[in-house]
Amino acid sequence: MAHKTYNEEWKESMEEVLNLLEIESNETNAILTCSVEDLTRHCGVVYLKYLQIFRRLCDCYDQMVHPQKRLEVKRMLEAVMGRLLEIRELLIRAEQSPYPILDEYLVDMKMPPEALEVPVPKYFVEERSKELEERDKLLNVLLQQLPRDRPDSRARGSETLRESLLSSASSRKRNSITLEEAVKIIQINERGRQGRAKARIAKELRKQERSQGSDLKRRGVHSYTQDAAATLIQKAWRGHMTRIVTHNLRKDELVFLGMSEDSSRFPTMKSGNNNQNAGIREGHIERAEATRARRKLIQNQNEVEYKLALTNIRKNLVDVEGPDMKEKIQDDVRHYFLAHKEQTGKFPVYPPAKDGGSAKMLNLKTPSTTNLATTDKTKTSKGKGDKNSKKTEPNKKDKAVATASPPKRMTSYKEKKKAPPPRKELVLPPSQFLVTMQSTAQTYVDVWQGRDESGNFPQKHDPILIKEILRPEVEGEIRTQVDEVLRVELEQLKATVE
């Protein structure tokens, strides 16, 4: 299939994810107060929808060629896998069974039984190919170091077994036979002789009947009447038709259960059509495997080019934009030093690197404004609190009336009987994957949803996106270098001025 096919599958999957995230965010409060039955129904439907999304994302990640898209697909795929496990755990807790029953939800959503199968992503094995090869080599080395048996050990074992059997047979022959055992042996032999004689006589009689029937057929004489012949023909025809119908029903059932492929239905028409269908099916399978192998080669090439582009673009950012970043950070920090000195009369304390360094310092407000704001807020809150406390102080009588509880009403026996039983509720744990799903979906909406890729037919990496990702990292590295220099400069200023 073409690149457009998997892009469309990714788009449909992300749209369904956005719909499910909206449903889960809107129904969170309702689910917390609903009964166990409603929770089971909701989780069953959501589980099946996430399973469909999971299957599509597996295909997209396996066949997509664009390296940056594959990273986003993998991030969403792993989040969907985690969410599936969370919903399955909720179903197990709600139904109190390790095997949740989802048949009725399949019927409601008009889905086949195959929709419940959970496929194993292929990248589980492909991305660990080197590790698996090393493990196989280690196992082969360990197997070679194990002591091996000699080749003649089996022959010796068979000889010893034969000798033991011969010795046991000779010991039995030496033992004497009782009268009852001898009678039993004679009876067995006599019954066998009589059975063989009866079989021989019956065989001769059948031969005579066949020879007589063949003679009558040659002469044109039939031993059956017209009604008997019609009855025989009806039996044969009905049996033949019933066997064909039964064969078709059995085959349809196997096809429905997924245990067989749909091929020629009638057993009497197998030779030509079945061979042709099998050839066409094998041709499709071979073509699909060849296409997947070709896409895997392109995928690996694009991945290697993407990794090389990461290193080259990082170097380019450091060489081209690095000096401007360094100069801007130095100007901002020095301007902050002067502003702080003018307002407070002292230079600020440089934050350590583990707290963020100059980034934390530039985000803070000046201490004078913060102190003034806090003191004004505390004064106004205290003044308002005193006035409100004087105005709204209740009398002791009113306080006593307010604290007095109303008299309890006696419930009758009928009301107790009509009261519904207490409803079982299940405490929902917070999800650990919804945040990742929301951030990934938002990235898709911001970056990939309306992106025009008509000029990127080979699906190579986008250097503009790489720059946007690497620019904050490069800026952080340059900031740490500038902080070391400015920290020494601040100490020198404090020593000379203060």
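# Exercises on a helical chain

Glu 78 is partly exposed, with a relative accessible area of 38%. The model in which this residue is seen is a predicted one, and the exercises below begin with Glu 78 before moving to other parts of the chain.

## Exercise 1: The surroundings of Glu 78

Find the helix that holds Glu 78, and then work out which residues Glu 78 is in contact with, leaving aside its neighbours within four places in sequence.

Solution. Start with the secondary structure, where Glu 78 has its place in helix α4, which covers residues 67–95. Next, look for contacts while leaving aside the neighbours within four places in sequence, and you will find Tyr 123 and Phe 433. Finally, compare sequence with space: Glu 78 and Phe 54 are 24 residues apart in sequence, while their C-alpha atoms are 9.0 Å apart.

## Exercise 2: The whole chain

Describe the chain by its secondary structure, its share of buried residues and its exposed area.

Solution. The secondary structure comes to 18 helices and zero strands. Of the 498 residues in the chain, 22% are buried. The chain exposes about 37,800 Å², and carbon and sulfur atoms supply 56% of that area. As a last step, take the contacts with a separation of 6 or more: residues 24 or more positions apart account for 80% of them.

## Exercise 3: Gln 299 and its partners

Decide whether Gln 299 is buried or exposed, and identify the backbone oxygen that its side chain reaches.

Solution. First locate the residue: Gln 299 lies in helix α11, which runs over residues 271–320. Its relative accessibility is 6%, and because buried means under 20%, Gln 299 counts as buried. The side chain of Gln 299 then reaches the backbone oxygen of Asp 62 at 3.2 Å. Once the neighbours within four places in sequence are left aside, the residues in contact with Gln 299 are Tyr 61, Asp 62, Gln 63, Met 64, Val 65 and Arg 70.

## Exercise 4: Three salt bridges

The structure holds 22 salt bridges. For the pairs Lys 122 with Asp 62, Arg 314 with Glu 477 and Asp 332 with Lys 328, state the distance between the closest N and O atoms and describe where the partners lie.

Solution. It helps to recall that side chains of opposite charge can pair when their charged atoms come close.

Step one concerns Lys 122 and Asp 62, whose closest N and O atoms are 3.9 Å apart. Lys 122 lies in the loop between α5 and α6, whereas Asp 62 lies in helix α3 (residues 36–63), so the pair ties together parts that are 60 residues apart in sequence. Lys 122 is partly exposed at a relative accessible area of 45%, while Asp 62, at 9%, counts as buried. Both residues also belong to a network of salt bridges that links Asp 62, Lys 122, Glu 126, Arg 292 and Lys 296.

Step two turns to Arg 314 and Glu 477, with closest N and O atoms 3.2 Å apart. This pair links distant parts of the chain, since Arg 314 is in helix α11 and Glu 477 is in helix α18 (residues 463–497), 163 residues apart. Arg 314 is partly exposed at 25% relative accessible area, and Glu 477 is likewise partly exposed at 41%.

Step three takes Asp 332 and Lys 328, for which the closest N and O atoms are 3.3 Å apart. The two are four residues apart in helix α12 (residues 322–344), which means that about one helical turn separates them. Asp 332 is partly exposed, with a relative accessible area of 32%, but Lys 328 is exposed, with 53%.

## Exercise 5: Checking helix α12

Compare the span expected for the 23 residues of α12 with the distance between its end C-alpha atoms, and list the buried residues of α12.

Solution. At 1.5 Å a residue, α12 should span 33 Å, and because its end C-alpha atoms are 33 Å apart, the two values agree. The buried residues in α12 are Gly 322, Met 325, Ile 329, Gln 330, Val 333, Tyr 336, Phe 337 and His 340. Just after the helix, Gly 345 takes a positive phi of about 85 degrees.

## Exercise 6: A nonpolar patch

Which residues make the nonpolar surface patch of about 440 Å²?

Solution. The patch is made by Leu 254, Phe 256, Leu 257 and Met 259. To place one of these residues, note that Leu 254 is found in helix α10, residues 226–257, and that Leu 254 counts as partly exposed at 31% relative accessibility.

Conventions:
Residues numbered from 1 in each chain as written. Predicted model: local features only at pLDDT ≥ 70, side-chain atom pairs only at ≥ 80, totals over all residues. Heavy atoms only, no water. Buried < 20%, exposed > 50% of the residue type's maximum accessible area, 1.4 Å probe, protein only. Polar contact = N/O pair within 3.5 Å; in protein donor to acceptor, adjacent residues only side chain to side chain. Contact = heavy atoms within 4.5 Å. Salt bridge = Lys/Arg side-chain N within 4 Å of Asp/Glu carboxyl O. Patch = residues over 30% accessible without salt bridge, like charges linked within 9 Å, V, L, I, M, F, W, Y side chains within 5 Å. Areas by Shrake-Rupley, 256 points an atom, 1.4 Å probe, with all protein chains shown as cover. Expected span 1.5 Å × (residues − 1).
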